[in-house]
Amino acid sequence: MCVRSCFRSPRLQWVWRTAFLKHTQRRHQGSHRWTHLGGSTYRAVIFDMGGVLIPSPGRVAAEWEVQNRIPSGTILKALMEGGENGPWMRFMRAEITAEGFLREFGRLCSEMLKTTSVPVDSFFSLLTSERVAKQFPVMTEAITQIRAKGLQTAVLSNNFYLPNQKSFLPLDRKQFDVIVESCMEGICKPDPRIYKLCLERLGLQPSESIFLDDLGPNLKEAARLGIHTIKVNDPETAVKELEALLGFTLRVGVPNTRPVKKTMEIPKDSLQKYLKDLLGIQTTGPLELLQFDHGQSNPTYYIRLANRDLVLRKKPPGTLLPSAHAIEREFRIMKALANAGVPVPNVLDLCEDSSVIGTPFYVMEYCPGLIYKDPSLPGLEPSHRRAIYTAMNTVLCKIHSVDLQAVGLEDYGKQGDYIPRQVRTWVKQYRASETSTIPAMERLIEWLPLHLPRQQRTTVVHGDFRLDNLVFHPEEPEVLAVLDWELSTLGDPLADVAYSCLAHYLPSSFPVLRGINDCDLTQLGIPAAEEYFRMYCLQMGLPPTENWNFYMAFSFFRVAAILQGVYKRSLTGQASSTYAEQTGKLTEFVSNLAWDFAVKEGFRVFKEMPFTNPLTRSYHTWARPQSQWCPTGSRSYSSVPEASPAHTSRGGLVISPESLSPPVRELYHRLKHFMEQRVYPAEPELQSHQASAARWSPSPLIEDLKEKAKAEGLWNLFLPLEADPEKKYGAGLTNVEYAHLCELMGTSLYAPEVCNCSAPDTGNMELLVRYGTEAQKARWLIPLLEGKARSCFAMTEPQVASSDATNIEASIREEDSFYVINGHKWWITGILDPRCQLCVFMGKTDPHAPRHRQQSVLLVPMDTPGIKIIRPLTVYGLEDAPGGHGEVRFEHVRVPKENMVLGPGRGFEIAQGRLGPGRIHHCMRLIGFSERALALMKARVKSRVAFGKPLVEQGTVLADIAQSRVEIEQARLLVLRAAHLMDLAGNKAAALDIAMIKMVAPSMASRVIDRAIQAFGAAGLSSDYPLAQFFTWARALRFADGPDEVHRATVAKLELKHRI
């Protein structure tokens, strides 16, 4: 897939190396003391182990988490838990055994993930395995050169004992004069004593040594003692910095090479004869052959013969996929582009005679330079990083500007339809290497052909254009050579641009291709993907494309297909990458990324569709042929095809829970089981608590059920995918998917809170996700998501008709660095709960502004002085403890300015954005109320006899049951339609449908529940059954989030507007 190697004239190699060394030395002059070429004042180099000599626990953890589908960052968080007194640090000081550490560590991870067990034993095994715990070759070479110059070397490591009572030190001890391990000394870095101990054993002063570590606190303490320090983000970059300090080179070999793997060996004798004939060499000296350790597709070798430095690139052995590994095309394109001013390697010859080394190959000259494998470019200044990415962008523009006829490449590929052909090609490649079914790949295979962009231009496309396929000048941000042209052809240049931004969307821990998604790009000086794309368009004189998400989805789909091919070849030992065997699970990870972009593209398309006539617009454009996965007689409005059950609900109108996608259907059944086994049986006790003297304190049983719901993965299900596309906070469900689960939760008064899906918290959390700053999210959103806090929303006022939000009179006045609140609010749901920590307050900041720009929203901590609760309010006599509904005065409540949401005057906008999802959630739950009421009614009338026959045989009862079923089904379809439009077009475009269901659902539920109460007789009025409470809240919801009259008026106005 890529080859991170260097090519060009061998005469430049020594020049570049020397120039780079001098350049690096100049950068450090003035800040470090050293003498050039071996005359250094430093007498020892001290190395940390993890992250410096071998992979760090953090990087191993990231790989393990991907493989085991553990949330990213879990292991590191658990390792840091407890600080100096946590299990990890105590393990490092040998205060607990390996068994004790794994026991405590496993418990910590399980508590964090709210699950029964986390396989930490397998993480520890991976961390200490021979496969992972290998010393970096660049460090081995550096240590050899340091010792050859007469300097001492030491290891200073926070380390631990293995179960066999031996310390974990997978290093050759002969490389070091001194080894200091925390587990043997009982003290850990950054304790200054351990540094002093190391220096004492070396017999040196702090200023005579250099210390390399990957952790800031360890380096800070060493520097405080006077030791010179180097922070290690990347071993190769660290070695370059070490070279500059010591004044002599530490790398005498060829970068990024290793001995040839046994399965990749080629016959040297016949190769040497071929090269002698090609180059006209008479010498009989030996041929040196090394393998580049990064190529994952076409094996690539370094060759040194008679002072000539060459690179050989060949097809891999074995049966190959059709049209793959076309090295002859690589040779042709590089030879042609060299004449067009594009920096490419100097190719020498193409040999298609397989008898020479077993497969066809070509030879080119080796070019030294810098290959940046880490896209975060550690060790560089922000301005230099930006210049590197700018140079990368410029050379891509140069490739896309090549005159095809002038260089003889007009027949290098087919003209037009590049993306459709590529989709077919990669689908075929994937199918040929498929080893198991990957749901996201199946969805993409059907989605991509249906959303193809129109190709505007045809140019040379590289096909694998990335930072690590470029050779840079050692001193200047200049591209010397573009490598790995295996996938090049004629096609859509935007595919190259998107592919070059892959790293922007991948995490830095991704094993095969490091990313920068979790880096602060502004601080690093690296342009964001959007800016990089604008830069390209500006240089090429093109308008920005609108369907960027499609190109990213396609790019990640290609990567997934390539990874799958590498994985399959690894099963037979044919893949040359050291990561090949890991790629099986990585394929699924990347395909999910691709699908996320496909979902974003779907949202973009639907948001841009005209919705001027919502009641009459046609949906047939997005309708697909009838699928076996759709219920009989129903119609699908999905933006993706329904041929596979893996994606029937993704943006589709799914009427039955059984038609949900398999993961969501499984979630639905898990929730149903939880309701039956946990929630319904607990209802009597929970109802008793609400009527007891302790009712204003949370029920311990509720808290216990919450923990069980978390452990079952039934937590924070409400956040819609559109508001949280990266699934950082919620389950990533669409509104349609959540509608089915919310209805199920609505069958119990207590289930929404048990699953952290109850109002007003859901609306407040979505408000923070959509509009909150990062600081506001950290303070308020996270505790709410974790269920550690509750909240309320203060809007309604007793002195005005609050159904018109512009009537609100509460004032928000600016004073110094605060806002001062004064106002009288009531019906503030949840404010009486002792867990309530946040009040989302709506008031007027500017009474003279335009009518809908007067209001603002503030986040008010509940412990702020001046908040006075006057009384709890009852609904038909029900207190709804412990949250209740309060009447409250806010008197001179001072709130920091940073607690303003979005800014002054944005309150009406925020309230509308919050109320849309809140309204539909209420309606979803009302469907659940109604279903439970009807189920209770049916059971009741089957068991009671009146006037000589069962109630179920009475005609009026049968009529009531039939009427209830019809009304529930009608309302459910309207709710699902509104949810569907919210998914496809957004909350604003679905305003009419939301108004209709808010008008319909409460009245429908009231009628259905009333019929059930009538069937129960006096028992229906009691607290023995949930019917009375169901009826109370159904009636109350004709006011909450806007009275029926407001919604009727909205529907009527839109009807008149669009029908006349």
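**Exercise 1. Confidence**

How many contacts beyond four places in sequence does the model have for residues 575-580, where pLDDT stays under 50? Work out how far to trust that stretch and others like it.

*Solution.* Start with the overall picture: this is a predicted model, and the protein chain has a mean pLDDT of 84, with 88% of its residues at 70 or more. Now go to the weak spots. For residues 575-580 the model has 20 contacts beyond four places in sequence. Another low stretch is 609-651, again with pLDDT under 50, and there the count is 108. Don't let those contacts tempt you: where pLDDT is low, the predicted coordinates should not be read in detail.

**Exercise 2. Cysteines**

Find out how many disulfides the structure holds, then look at Cys839 and its nearest cysteine sulfur.

*Solution.* The count is zero. For Cys839, the nearest cysteine sulfur belongs to Cys792 and sits 3.7 Å away. A disulfide needs the two sulfurs within 2.5 Å, so Cys839 is in no disulfide. Next, accessibility: Cys839 has a relative accessible area of 0%, so it counts as buried. Cys109 is buried too, with a value of 0%.

**Exercise 3. Two sheets**

In what order do the five strands of the parallel sheet lie, and which are its edge strands? Then do the six-strand sheet.

*Solution.* Reading across the parallel sheet, you get β3-β2-β1-β4-β5, and the sheet is open. Its edges are β3 (178-181) and β5 (228-231), each pairing on one side only. From one strand to the next, the twist averages 20°. Zoom in on one pair: β1 (residues 44-47) and β2 (residues 152-157) are joined by four bridges, with Val45 partnered by Thr153.

The six-strand sheet is also open, but its pairing is antiparallel, in the order β6-β7-β8-β9-β11-β10. Here β6 (257-258) and β10 (347-351) are the edges. Helix α13 (residues 327-337) packs on this sheet, touching β9 (308-314), β10 and β11 (361-365), and its direction makes about 150° with that of β10. Within the sheet, four bridges link β7 (residues 288-292) to β8 (residues 300-305); Glu288 has Arg304 as its bridge partner.

**Exercise 4. Around strand β18**

Trace the partners of β18, then place Trp826: is this residue buried, partly exposed or exposed?

*Solution.* Take β17 (residues 811-815) to begin with: five bridges join it to β18, antiparallel. Glu815 stands opposite Phe818. Two residues lie between the strands of this hairpin, and Asp816 takes a positive phi near 55°. Now β22 (residues 885-896): nine bridges connect it to β18, again antiparallel, and Pro896 in β22 is the bridge partner of Phe818.

Trp826 is in β18, which covers residues 818-829. Its relative accessible area is 24%; buried would be under 20% and exposed over 50%, so Trp826 is partly exposed. Beyond its sequence neighbours, Trp826 touches Thr796, Glu797, Pro798, Arg871, Leu873, Gly886 and Glu887. Thr796 is 30 residues away in sequence, yet the C-alpha atoms are 5.8 Å apart.

**Exercise 5. A bent helix**

Where in helix α22 (residues 662-690) does the kink lie? Check whether that residue is buried.

*Solution.* The kink is at Glu683, shortly before Pro684, and comes to about 45°. Glu683 is on the list of buried residues in α22, which includes Val664, Leu667, Leu671 and Phe674. To make sense of spacings along a helix, remember that residues three or four places apart point the same way, because an α-helix has 3.6 residues a turn.

Methods
Residues numbered from 1 in each chain as written. Predicted model: local features only at pLDDT ≥ 70, side-chain atom pairs only at ≥ 80, totals over all residues. Heavy atoms only, no water. pLDDT = per-residue confidence, 0-100. Contact = heavy atoms within 4.5 Å. Buried < 20%, exposed > 50% of the residue type's maximum accessible area, 1.4 Å probe, protein only. Pairing = 2+ DSSP bridges. Axes fitted to C-alpha atoms, helices over the stretch in contact; angles between N-to-C directions. Bend = angle between axes of the 7 residues up to and from the residue.
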